[in-house]
Amino acid sequence: MAKFTFNLPDIGEGIAEAEIVAWHVKPGDMVEEDGQLADMMTDKATVEMESPVAGKVLEVAGEVGDTVAIGGMLVVIEVEGEVPDEVLEENEAAAEAAPEAEPAPESAPEPKPEPEPEPEPASEPSPAPAPAPAPAATKVLASPAVRKRAKDLGIDLAQVKPAEDGRIRHADLDAFISYTGGFAAAAPARADETIKVIGLRKRIAENMQAAKRNIPHFTYVEECDVTELERTRAQLNENRGDRPKLTMLPLLISAICKALPNFPMINARFDDEAKVVTRHGSVHLGMATMTDNGLMVPVIRDAQGKNLWQLAREITRLAEAARNGSAKSEELSGSTLTITSLGPLGGVATTPVINRPEVAIIGPNRIVERPMFVTGADGQERIEKRKLMNISISCDHRVVDGYDAAAFVQEVKKLIEAPATILAG
């Protein structure tokens, strides 16, 4: 038998450590070669770690939520026979990447504990007072029919005051409901929960904190008439054939990409430490996506070069990959601008948090129908029912001026209110 210490290998360029988000083994378990050991999360993605050898797990690096440095011990495994040379070489290379531990200071000899004083002899204990008898529970008088009705309504009969002779009747229930406005009894309180913030939720918390701490946000909101855009979308869907059904998002992304060349300061990333802004020519659009584990941002590469149907396919593919955990590291990084949409839950306006190190994030809101004054071809004003949507944009005020953000949104508004301009080459 031999002990093999499996060190966490290099799992991504520039990655110094990874967080344990799930263990698939525990001390005492047997693991096969290539068997799953743990899921490790970096800034980029979650990586499944597999065992290079078969054997018995003796020790693991820590608990879920702990971090392990690249090259640090992940698992100790007891193996039969010799470990293959190529496995040892790879493992040694990983260990060399581990940061050197600082020497621990020499510890001083522990002082001898002071002898505890002898306890004084206790005096005769005085008799404890007898506990007061518990008050007898008052019996609630009510017929079975009244009890059943109260139970169905969620009413505690002990809270109901009978009108006469101490017996609760249906009329007493009616009076109680009328007095409490129908809120007869509060729902039972849920038990408190203590949940450790780990994995993606921990990463989201750290990123949001860093964004709000480092970036002076400002938000601009504009109302857009999307009546014609929705009509155009419906017409395109009627004749789509085997192509994917269009949502509003591909049309909005196309409008954003058409407007960006005149506003390069929006499609940019800001390096805080180097104090350098990089204005990107290509639009690598981050798409905020809600998953069971939290918010992820898969990236549509070169969104400016895709037509509506290509955007629709990519939106569906990336959203599904993010939700089922199959998104690759390169599909979750490198965005130059992010769009975030809550769909029907979008609200009237939002103040989205910037996806650092980007300098802007765009948030379309819910579409609502309202009457509006519209000028017809004859120059006469009339009232029409129109579909309206607010567009929010949050920007980094260190890089983007308020005027530029407003001018950019106005350009997007002009495009989506005249959808033929989006479809034109």
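Which residue in S5 does Ala 38 stand opposite? I looked this up first and found Met 49 in S5 opposite Ala 38. I note at the outset that the model is predicted.

**Entry: the chain as a whole**

I counted the secondary structure of the chain and recorded nine helices and 20 strands. I then turned to burial, and 38% of the 425 residues in the chain are buried. For the contacts, I considered pairs of residues at least 6 apart in sequence; 65% of these contacts join residues at least 24 apart.

**Entry: strand S4 and its partners**

I returned to Ala 38, which belongs to S4, a strand of residues 36-41. S4 pairs with strand S5 (residues 46-50) in the antiparallel sense, and I recorded five bridges between them. I also found S4 joined to strand S2 (residues 17-23) by four bridges, and these two strands run antiparallel as well. In that pairing, Ala 38 in S4 stands opposite Trp 23. Ala 38 thus has Trp 23 opposite it and also Met 49 in S5.

Is S4 largely enclosed or left open by the rest of the structure? I found five of its six residues buried, so S4 is largely enclosed by the rest of the structure.

**Entry: a four-stranded sheet**

I next traced an open sheet of four strands, in the order S1-S8-S6-S3, with antiparallel pairing. Strand S1 (2-7) and strand S3 (30-31) stand at the edges with a single partner strand each, so one side of each has no neighbour in the sheet. I looked at the S3 edge in detail: S3 pairs with strand S6 (residues 55-60) over two bridges, in the antiparallel sense. There I identified Gly 55 in S6 as the bridge partner of Val 31.

I add a general note: side chains in a regular strand alternate between the two faces of the sheet.

**Entry: helices H2 and H3**

I examined helix H2 (residues 144-153) against helix H3 (residues 170-180) and recorded a packing angle of about 20°, with the axes 10 Å apart. The angle is under 35 degrees, which means that H2 is roughly parallel to H3. Their crossing is right-handed. On the H2 side, the contact is made by Ala 145, Val 146, Arg 149, Ala 150 and Leu 153. H3 contributes His 170, Leu 173, Asp 174 and Ile 177. I sorted the residues of this contact by class and recorded six nonpolar, one polar and two charged.

**Entry: helices H6 and H8**

How far apart are the axes of H6 and helix H8 (residues 402-417)? I found 9 Å between the axes, and the two helices pack at an angle of about 130°. That angle makes H6 oblique to H8. H6 passes H8 in a right-handed crossing. From H6, I listed Leu 252, Ala 255, Ile 256, Lys 258 and Ala 259 in the contact. From H8, I listed Phe 408, Glu 411, Val 412, Leu 415 and Ile 416. By class, the contact of H6 with H8 has eight nonpolar residues, two charged and no polar.

**Entry: Pro 244**

Lastly, I located Pro 244 in the loop between helix H5 (227-238) and helix H6 (248-259). Which residues does Pro 244 touch, not counting those up to four places away in sequence? I found Trp 309, Ala 312 and Arg 313. I also checked Leu 308: it is 64 residues from Pro 244 in sequence, and the two are 9.7 Å apart in space, C-alpha to C-alpha.

How values were computed:
Residues numbered from 1 in each chain as written. Predicted model: local features only at pLDDT ≥ 70, side-chain atom pairs only at ≥ 80, totals over all residues. Heavy atoms only, no water. Pairing = 2+ DSSP bridges. Buried < 20%, exposed > 50% of the residue type's maximum accessible area, 1.4 Å probe, protein only. Contact = heavy atoms within 4.5 Å. Axes fitted to C-alpha atoms, helices over the stretch in contact; angles between N-to-C directions. Parallel < 35°, antiparallel > 145°, perpendicular 65-115°, else oblique. Left-handed = near helix turned anticlockwise from the far one by under 90°. Nonpolar A, V, L, I, M, F, W, Y, C, P; charged D, E, K, R; others polar.
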